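Colleague: Could you take me through one part of this model closely, beginning with a single hairpin and working outwards from there? I would enjoy a connected account.

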Amino acid sequence: MASSSSSSSSSSSYLNFTVRRCQPQLVPPAIPTPHEFKPLSDIDDQDGLRVQLPVIHIYKKQASMVEKDPVQVIRQALSQTLVFYYPFAGRLREGPNRKLMVDCTGEGAMFIEADADVTLDQFGDFLQPPFPCFHELLYDVPGSQQITNTPLLLVQVTRLKCGGFILAIGLNHTMCDGPGYEQFMSAWAEMARGATKPSIAPVWRRELLMARDPPRITCNHREFEQVQDTLPSSDQNLVQRSFFFGPLDIAALRRLIPQHLQHCTTFDLITACLWRCRTKALQIEADEDVRMMCIVNARGRLNPPLPVGYYGNGFAYPAAVTTAGKLCRNPFGYAVELINKAKGEMTEEYLQSVADLMVMKGRCLFTTVRSYIVSHLARFNLREVDFGWGEAVYYGVAKAGVGSFLGVSFFCSAKNGKGEEGIIFPICLPAEAMERFAEEFSHMLGNKNQPETSSAPFIKSTF
């Protein structure tokens, strides 16, 4: 068993703990599964989704489960779940024209058993990203960050001294999106609680989101424009931090918009707020274009809809585009209206046009220059994924960003230190810009003295 030490410091405490890991093992499906090749859709294998997404689920001790070992329960349930979701036990291969397909080898997912001599209470009342100790909670198995010829799931279960545990997952994003991940996790949890098959049968059917023959781009896709960066890279001294939106904060934002926009969603309000605050914090030149890309689920917008059980990627991210000057100088409603309009662009034809664009333009990456992407994970019931230990005390991403692009924030549902339900999101910015962002954020919410969002200690690893 390998071990490593981690340490943490905060103004109120100093936390030392050790993580002891067993050697990583492959967990194959419980019974033999079909050996076949399954092409991904032309939405799945775009460049922007060829990443490993780190996700974390944290569970408390449960008195009724004291005789159960979470490692054994979760590992066995994974093996049973992979019988139904057997492509996850395979490996991605790349064919001509960068086309990805799953080689259903049945080799299995990578699984790591670990123990940490720390309690949940020692992490603080309010668990949130970023988790700087995340590399201890999800060991970076050599080669696991590749996209092809490597396990599609990396799983680590870390038992805590208090009887709770942390489930950390490295997910290959080409395989599924938020709804697909929720469906897979729910099936896995059902198997852990004694089910013999998932309540929703998984459906592959990736051919439903393939490009037309011949492909044709029929919509204006500003999220894939090639833009020249006019500024030197500011990747130095990047910091990550989380912020929290409570009910009063949402109400404060809603008071800033005119009557004709009152129908807009909480997502629209939060997204517009972050876009403005981030743009001001980065001090982008007034005449430069800025982009906000909103992840929009296409499942309910297709006719006929994608079948129940489809777990592939079924979304696009149409871009709201304006200049930094217009975004920051206009009333808040201007940004909200742009977000609302961009989301409205998502239609069946729009998604089909994205698939065609991918084939015609080499599965290109989205625009990264002066761009920001948000994803609303809070709409999914991931907190309720129950392996027998009840609902998670935290679920969500481990940090801001996807792969090498750090301009992505995920909205997750969470409770603050007062027990209020709200939305938490991590963001990554240069240190000086982060200070300006925090000031702008507090100002927009009408609270210039908003306290730090977390009482948790800051955790970092030392070797």
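**From the β6-β7 hairpin outwards**

Modeller: Happy to! Strands β6 (residues 91-94) and β7 (residues 100-103) run antiparallel and are joined by four bridges. Please keep in mind that this is a predicted model. Within that pairing, R91 has D103 of β7 as its bridge partner. Five residues separate the two strands of this hairpin, and N97 in the turn takes a positive phi of about 60°.

Let us step back along the chain from β6. F88 lies in the loop between α1 (70-84) and β6, and aromatic pairs are a good way to follow its surroundings. The model has 25 aromatic pairs. In one of them, F88 and Y311 are stacked, with 6.0 Å from centre to centre and 25° between the planes. Y311 sits in the loop between β13 (296-297) and β14 (315-316), so this pair ties together parts that are 223 residues apart in sequence. F88 counts as buried because its relative accessibility is 0%. Y311 is buried as well, with a relative accessible area of 2%.

A second stacked pair offers a useful contrast in setting: F437 and F441 have their centres 5.9 Å apart and their planes at 10°. These two residues are four apart in helix α10 (residues 431-444), so about one helical turn separates them. Both F437 and F441 are buried.

Back at the hairpin side, F88 and Y311 belong to one aromatic cluster, whose other members are Y59, Y85, F165, F184, W188, W204, F387 and W389. Rings also take part in another kind of arrangement here. The charged end of R206 sits over the ring of Y310, at 5.7 Å from the ring centre. For R278, the charged end sits over the ring of Y372, and the distance to the centre is 4.5 Å.

Now for the cysteines. The model has zero disulfides. C104 is in none, and the nearest cysteine sulfur, which belongs to C176, is 15 Å away. C104 is buried, with a relative accessible area of 2%. C133 is likewise in no disulfide, its nearest cysteine sulfur being that of C162 at 14 Å. Since its relative accessibility is 1%, C133 counts as buried.

Helix α10 brings us to a sheet. This open sheet has six strands in the order β11-β19-β18-β16-β12-β15, and its pairing is mixed. Its edge strands are β11 (238-245) and β15 (319-323), each of which pairs on one side only. On average, neighbouring strands in the sheet are turned by 25° against each other, direction ignored. At the β15 edge, β12 (residues 289-294) pairs with β15 in the antiparallel sense over five bridges. One residue to look up there is R291, whose bridge partner in β15 is V321. Over at the other edge, α10 lies across β11 and β19 (421-430), and the helix runs at about 145° to β19. The stacked pair of F437 and F441 is therefore carried by a helix that lies across two strands of the sheet.

A few backbone details in the loops round off the tour. The peptide bond from P129 to P130 is cis, with omega near 0°, and P130 lies in the loop between α2 (120-123) and α3 (134-137). Another cis peptide bond joins D213 and P214, with omega at about 0°. P214 is found in the loop between α4 (178-192) and β11, which leads along the chain to an edge strand of the sheet.

Positive phi values also turn up outside the hairpin turn. N149 has a phi of about 60° although it is not a glycine, and its place is in the loop between α3 and β9 (153-160). Q283, also a residue other than glycine, has a positive phi near 50°. Q283 lies in the loop between α6 (266-282) and β12, and with a relative accessible area of 52% it is exposed.

To return to where we began, the hairpin of β6 and β7 holds N97 in its turn, while F88, in the loop between α1 and β6, ties its part of the chain to that of Y311.

Key: Residues numbered from 1 in each chain as written. Predicted model: local features only at pLDDT ≥ 70, side-chain atom pairs only at ≥ 80, totals over all residues. Heavy atoms only, no water. Pairing = 2+ DSSP bridges. Phe/Tyr/Trp six-rings, centres within 6.5 Å; stacked < 30°, edge-to-face > 60°. Buried < 20%, exposed > 50% of the residue type's maximum accessible area, 1.4 Å probe, protein only. Lys NZ or Arg CZ within 6 Å of the ring centre and 35° of its normal. Disulfide = S-S within 2.5 Å. Axes fitted to C-alpha atoms, helices over the stretch in contact; angles between N-to-C directions. Contact = heavy atoms within 4.5 Å.
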